[in-house]
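Subject: Structure handover

Hello,

Please find the structure below, followed by notes on what was found in it.

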Amino acid sequence: LTAYTTDYWNRSGRDTTMQAGYSNSYRNISYTLSFSRTRDYYTAKSSNNIFLSFSIPLGKTGNHTLTTQTGSRSQDGAYVSSMQYER
């Protein structure tokens, strides 16, 4: 859990950000869920971000890993998704 503020030299007010995350594993699969909320003082708008990622070992040796991440941002409706294979 993290919270912080950002001050800018060229405008008044400060932006506030709060973040929370949780990581764990089930058997050999690791996962992380994170959430953040940022409030822009200047525009008085808030943005919510939520992300989920999984890391899954492939094969019995665990030398190959598939990692996938997905998430969204409420402010602009952006949706992010990626997949990565490591060996």
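Strands β3 (29-40) and β4 (45-58) each contribute at least two residues to a nonpolar patch. The patch lies on the surface, covers about 580 Å² and consists of Tyr22, Ile29, Leu33, Phe35, Ile50, Leu52 and Phe54. Please keep in mind that this is a predicted model.

One of the patch residues, Phe54, sits in strand β4. Its relative accessible area is 31%, so Phe54 counts as partly exposed; residues enter a patch only with over 30%.

Thr17 belongs to strand β2, which runs over residues 14-26. Is Thr17 buried or exposed? Thr17 is buried, because its relative accessibility is 7% and the limit for buried is under 20%. The side chain of Thr17 makes a polar contact of 3.3 Å with the side chain of Thr38. Beyond neighbours within four places in sequence, the residues in contact with Thr17 are Thr2, Ala3, Tyr4, Arg37 and Thr38.

Two loop residues have backbone angles to note. Arg27, in the loop between β2 and β3, has a phi near 55°, which is positive although the residue is not glycine. With a relative accessible area of 71%, Arg27 is exposed. Ala44 is found in the loop between β3 and β4. Its phi is near 60°, again a positive value in a residue other than glycine. Ala44 has a relative accessible area of 48% and is therefore partly exposed.

Regards

Methods
Residues numbered from 1 in each chain as written. Predicted model: local features only at pLDDT ≥ 70, side-chain atom pairs only at ≥ 80, totals over all residues. Heavy atoms only, no water. Patch = residues over 30% accessible without salt bridge, like charges linked within 9 Å, V, L, I, M, F, W, Y side chains within 5 Å. Areas by Shrake-Rupley, 256 points an atom, 1.4 Å probe, with all protein chains shown as cover. Salt bridge = Lys/Arg side-chain N within 4 Å of Asp/Glu carboxyl O. Helix = DSSP H or I, 4+ residues; strand = E, 2+ residues; numbered from the N terminus. Buried < 20%, exposed > 50% of the residue type's maximum accessible area, 1.4 Å probe, protein only. Polar contact = N/O pair within 3.5 Å; in protein donor to acceptor, adjacent residues only side chain to side chain. Contact = heavy atoms within 4.5 Å.
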